[in-house]
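Subject: Structure handover

Hello,

Here is the structure for you to look at. My notes on what turned up follow below it.

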Amino acid sequence: MTKPPEFQEIIVLAMGRSGTNLLLENLRNLQGNIGLFEIFSPGTLGSLENHPAFFERLQANLGRSYMGQSDPALLERVLADQIGYFDILSRTAQEMGFQSISCKIFPTQASPAMLQHLLARPNVRILMLTRRRIDRYLSRKKGVLTQEYIGRETTNVLLDFDLTNCLTDMSQSDRDLAAFLDCAQGSGRPLAILGYERDLDQPDDLRHAAITAALAEIGVTQTLGSAVAPDWLPKQDKSPDWRHKVKDGFAAASALVGLGLLDYVESAPLMDLLPSRSTGALSKAQIRPAATLTAGNRGKLGQRGGYFESLGRDPLVTVTAIQDHQSILAEWMIGPEPAFAARKGVHFLRATWSMETQPLDALADRLRLAELDNPGHIFVALHVNAVEAENYRKSGIRSILGSSALFTDETLWASDAPPLSAIPKANAVMIAGLADWKNHHLAALLGPVHFIYAAPSKAQMDRVLALCPQAHMVNHILGKGQHLYLDAAQIAGVFSRSKLSLALSFEEGAHRGSMESLLAGLPVVSVAALGGRDAFYSDDNALIVAPNAQAVRDGVDQMVARRLTRAQVRKATLALLLPARHAFEQAANAVIQDHLGPLAPHLRVRDLVGLSRNYRKLADMTAGLQ
Amino acid sequence: MIAFDSPEGEALRAIDLSQPALLALWLSALNSGQMDWAHWVQAQAAPKDDPNILALRCLHAAACGDTQVVRLIMTLLKTLPAPQRAQFYVRKALATTPAP
């Protein structure tokens with residue numbers, strides 16, 4: 001004979017205006033549960049009248065009849081002995097055959113001592129609910145202003161913003177929740193934390209998954225029938241941005257920036273303290289096993305190499321490449337089942353080759369297919385200039401201004417790196433594979449020049465040495481006759497043996513070597529090219545010359561004669577790079593916010609810096625996202 | 001950030017800020033090099049064994065160039081249990097504080 005499940009008391013601890021009504025309403029759909037609301041409210045014992053049979057039996061157990069859930073005598077009775085009242089509530093539910101009872105308590109409704117007693121009950125299960133500080137605060141203020149806490153739409157109600165009142169209120173809420181947390185953790189009872197924005201302010205299926213996961217975390221295994229937002233509980237304020245909820249939101253936000261507290265008010269309490277469930281809530285319930293994801297085509301594509309970076313897991317924010325005319329990530333995501341289950345995502349794509357002349361329709365089709373197979377996910381390309389932007393636009397691919405060069409790590413490329421003594425001095429250094437299209441022939445008149453390159457074929461070596469017999473084939477010199485792959489420090493050491501660098505291809509991507517040498521303080525002599533490297537050139541750090549060997553030699557002579565210091569060149573480059581990074585960050589976050597809403601993670605370029613040297617398999621990134 | 005000695009700065013210090021608010025202020029102050037604010041928050045923050053506070057003390061010491069303290073605290077942070085290492089400011093310190 002199967003042992004009947006143990007009766008469970010689910011207690012929700014939260015601040016008012018955190019979305020507790022929505023949570024408690026959903027808990028009413030828990031199989032075998034009697035769903036109550038505020039059990040210790042001083043004004044009305046919400047929802048008792050929704051359960052007439054239960055209320056009748058409760059009164060019998062209390063030993064007398066009351067006029068209703070707001071009867072002052074009942075309220076007085078509850079206040080006089082909260083523990084005793086809860087005991088009778090629980091007993092009544094058990095007598096009626098329920099498997100559980102759910103209810104909520106706000107900080108003002110229970111002293112810490114009483115709460116400690118209550119939570120010490122053996123069958124207590126605790127859910128805490130938190131919400132972004134600023135949204136909870138403004139919701140409460142709107143409630144106070146309109147005196148309507150449920151039902152009325154308040155989107156158009158604009159509040160005066162009082163900074164001191166805001167910070168005082170939030171600080172008090174922090175303390176109240178910290179006290180709740182202390183009691184909850186001290187009780188040793190199962191505890192899970194839900195976030196309003198992350199878990200409840202979501203489509204029905206996601207909300208259902210989140211609540212189910214939280215219930216499972218605290219050992220409640222009954223089925224949650226549904227988790228819909230009921231008609232009686234419409235969203236009161238539909239504005240996604242808190243700045244639109246106050247009269248001068250921009251000034252309010254600026255003031256908070258000035259105090260260094262914008263991040264604080266825009267975050268939710270407790271999420272920092274207890275991140276253990278964090279993004280796992282949905283994934284546990286919904287994400288398919290890794291084995292499924294890595295099977296078949298996804299498995300093969302996962303082995304492809306590239307510069308893949310993820311900045312957030314739930315929601316996902318990734319920065320990956322368009323290489324060989326395709327997005328490996330998009331290809332990997334195409335399939336009968338969503339690649340990341342229910343999670344949403346924004347995927348930035350940076351091209352490894354100029355997109356000015358590429359046909360983009362095929363790429364656009366594949367991106368659309370990946371988006372269709374993965375609802376809630378979008379791809380956003382980075383364009384390096386207006387021509388690329390127009391090309392993307394014509395194909396229906398979203399794009400923002402950005403370049404792989406933005407992610408070059410300036411700390412790796414100091415202007416005073418120790419020179420590599422094994423390498424003789426030369427005017428110019430050129431970082432480029434020994435392929436034809438890199439145009440080494442344009443360096444033929446330079447005499448000694450440093451070439452740094454990926455492992456070449458013998459034919460490539462022979463061809464380049466025939467073109468430039470005095471060239472220093474650096475990788476082979478340092479490898480003592482064998483090709484040696486150079487790390488950043490070694491390349492920096494070669495830079496310190498050079499006066500400038502060369503970029504001679506007519507078309508490629510952002511040209512990593514160009515930006516790296518600029519940051520190391522070497523000016524660039526370049527030919528006009530597609531790919532966007534010239535976005536970071538100015539009269540103070542670069543010279544663009546005609547595409548012939550004579551012009552390149554003259555350009556090198558001219559640049560050497562200018563005697564620019566490395567500090568000057570680096571400074572001129574940073575003067576272009578840093579504002580471009582800032583603009584990209586602004587544009588990227590606007591897209592992220594627009595797609596993922598106000599709780600979206602904030603992308604910071606500095607988290608991407610170094611990406612251009614972080615080559616890895618796609619599977620190494622996706623494994624961390626599963 | 002606003003100047004420490006400005007009327008707005010004085011008004012901010014008069015608010016009974018919660019610990020999360022203080023920690024956020026501390027990080028902002030360190031990020032923007034406002035060491036008078038950072039020193040003030042450090043003096044308010046308690047308890048000293050809280051991992052997040054420990055992490056901010058590490059970032060603070062790094063900002064002051066106190067490599068000995070950074071080394072000591074980093075050793076502590078690295079040996080914290082995983083849930084504590086996952087806390088916001090601890091992650092921040094572990095990720096951004098250069099090895100002394």
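**Chain A, then its contact with chain B**

Chain A has 24 helices and 19 strands. Please keep in mind that this is a predicted model. Chain A runs to 626 residues, and 56% of them are buried. Contacts in chain A reach far along the sequence: of those between residues at least 6 apart, 72% join residues at least 24 apart. The exposed surface of chain A comes to about 26200 Å², with 54% of it from carbon and sulfur atoms.

Now the interface. Chain B brings 17 residues to the contact, and chain A brings 17 residues. Together the two chains bury about 1400 Å² between them. Carbon and sulfur atoms give 60% of that area. On the chain B side, Ile15(B), Ser18(B) and Pro20(B) supply 27% of the area that chain B buries against chain A. No other three residues supply more.

Next, the polar side of things. The interface has one salt bridge. Asp16(B) pairs there with Arg175(A), and their closest N and O atoms are 3.5 Å apart. Six residue pairs are in polar contact between chain B and chain A, counting pairs with both residues at pLDDT 80 or more.

Which helices of chain B each supply at least two residues of the side that touches chain A? They are H2 (19-31) and H7 (88-96). H2(B) gives the largest share, five residues. By type, the residues on this side of chain B are eleven nonpolar, four polar and two charged.

Best wishes

Technical notes:
Residues are numbered from 1 along each chain as its sequence is written. Chains are lettered from A and ligands numbered from 1 in the order in which they are written. This is a predicted model: local features need pLDDT of at least 70, side-chain atom pairs count only at pLDDT 80 or more; totals for chains, interfaces and linings use all residues. Side-chain values use heavy atoms; hydrogens and water are left out. Contact means heavy atoms within 4.5 Å. Buried area is the accessible area (1.4 Å probe) that two parts lose on being put together, summed over both. A salt bridge is a side-chain nitrogen of Lys or Arg within 4 Å of a carboxyl oxygen of Asp or Glu. A polar contact is a pair of N or O atoms within 3.5 Å; within protein, one must be able to donate a hydrogen and the other to accept it, and residues adjacent in sequence count only if both atoms are side-chain atoms. Helices (H or I, at least four residues) and strands (E, at least two) are DSSP runs, numbered from the N terminus. Ala, Val, Leu, Ile, Met, Phe, Trp, Tyr, Cys and Pro count as nonpolar, Asp, Glu, Lys and Arg as charged, and the others, Gly among them, as polar. Buried means under 20% relative accessible area, exposed over 50%, partly exposed in between (1.4 Å probe, protein chains only). Accessible areas come from the Shrake-Rupley method with a 1.4 Å probe; for residues, only the protein chains shown count as cover.
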